Amino acid sequence: MSKKKTKIYQDHEGCIGCGSCVAVCPKFWKMGDDDKAEIIGGKKNEKGDYELDIDEVGCNKDAEEACPVQVIKVMENK
């Protein structure tokens, strides 16, 4: 039985570029060329949001909590 992954979502359009996610979780987050944060290795979905499957939540919960506009969602699969 394979282990289910955790998914990170980011509403990229709603990002204000404050960099708090990058500060608390630089392993997964960086500032993009448009001065908004983006998930390292993330892919844009059909809605234009970024998403990434990961094995462990790690510091992404901290990034989710640090985001002042709440555009980061960490969905943990049970």
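In the predicted model, strand β1 (residues 6-10) and strand β6 (residues 72-75) run antiparallel and are joined by four bridges. Within this pairing, Ile8 stands opposite Val74 in β6. Strand β1 also pairs with strand β5 (residues 50-54), again in the antiparallel sense, over five bridges. Here Lys7 faces Asp53 of β5. Four of the five residues of β1 are buried, so the strand is largely enclosed by the rest of the structure.

These pairings belong to an open sheet of four strands. The strand order is β4-β5-β1-β6, and the pairing is antiparallel. The edges are held by β4 (43-44) and β6. Each of the two has a single partner strand, so one side of each lacks a neighbour in the sheet. Two bridges connect β4 with β5, in the antiparallel sense. In that pairing Lys43 stands opposite Glu51 of β5. In general, the strands of a sheet pair through backbone hydrogen bonds, in either a parallel or an antiparallel manner.

Charged side chains add further contacts. Side chains of opposite charge can pair when their charged atoms come close. The model contains six salt bridges. A network of salt bridges links Lys7, Glu51 and Asp53. Two members of this network, Lys7 and Asp53, also stand opposite each other in the β1-β5 pairing. Glu51 of β5, in turn, is the residue opposite Lys43 in the β4-β5 pairing.

Other salt bridges lie outside this network. Lys30 forms one with Glu38, with the closest N and O atoms 3.7 Å apart. The two partners differ in burial class: Lys30 is partly exposed, at a relative accessible area of 39%, whereas Glu38 is buried, at 17%. The cut-off for burial is under 20% relative accessible area. Lys47 and Asp49 meet in another salt bridge, at 3.9 Å from N to O. Lys47 is exposed, with a relative accessible area of 66%. Asp49 counts as buried, at 14% relative accessibility.

A salt bridge is also present within helix α2. Glu64 pairs with Lys61, and the closest N and O atoms are 3.0 Å apart. The two residues are three positions apart in α2, so about one helical turn separates them. Glu64 is buried, at 18% relative accessibility. Lys61 is partly exposed, with a relative accessible area of 27%.

The structure holds one disulfide. In general terms, a disulfide is a covalent bond between the sulfur atoms of two cysteines. The bond joins Cys25 and Cys59, with sulfur atoms 2.0 Å apart. The torsion about the S-S bond of this pair is about 65°, so the disulfide is right-handed. The linkage connects distant parts of the chain, the two cysteines being 34 residues apart. Cys25 lies in the loop between α1 (20-24) and β2 (29-31). Cys59 lies in the loop between β5 and α2 (60-66). Cys25 is buried, with a relative accessible area of 0%.

Two further cysteines were examined for disulfide pairing. Cys18 takes part in no disulfide. The nearest cysteine sulfur to that of Cys18 belongs to Cys67 and is 6.1 Å away. Cys18 is partly exposed, with a relative accessible area of 46%. Cys21 is likewise in no disulfide. For Cys21 the nearest cysteine sulfur is that of Cys15, at 6.2 Å. Cys21 is buried, with a relative accessible area of 5%.

These cysteines reappear around an internal space. The model has one cavity of 30 Å³ or more. About 80 Å³ of space lies in this largest cavity. The lining comprises 13 residues. Cys15, Cys18, Cys21, Ala37 and Cys67 lie nearest the centre of the cavity. Nine residues of the lining are nonpolar and four are polar. None is charged.

How values were computed: Residues are numbered from 1 along each chain as its sequence is written. This is a predicted model: local features need pLDDT of at least 70, side-chain atom pairs count only at pLDDT 80 or more; totals for chains, interfaces and linings use all residues. Side-chain values use heavy atoms; hydrogens and water are left out. Buried means under 20% relative accessible area, exposed over 50%, partly exposed in between (1.4 Å probe, protein chains only). Two strands pair if DSSP finds at least two bridges between them. A disulfide is a pair of cysteine sulfur atoms within 2.5 Å. On a 1 Å grid over the protein atoms alone, a cavity is a set of points where a 1.4 Å probe fits but cannot get out, and a pocket is an open set with protein on both sides within 12 Å along at least five of seven lines; lining residues have an atom within 4 Å of a point. Grid points are joined across faces, edges and corners, and a volume is the space filled by probe spheres set on the points. Ala, Val, Leu, Ile, Met, Phe, Trp, Tyr, Cys and Pro count as nonpolar, Asp, Glu, Lys and Arg as charged, and the others, Gly among them, as polar. A salt bridge is a side-chain nitrogen of Lys or Arg within 4 Å of a carboxyl oxygen of Asp or Glu.
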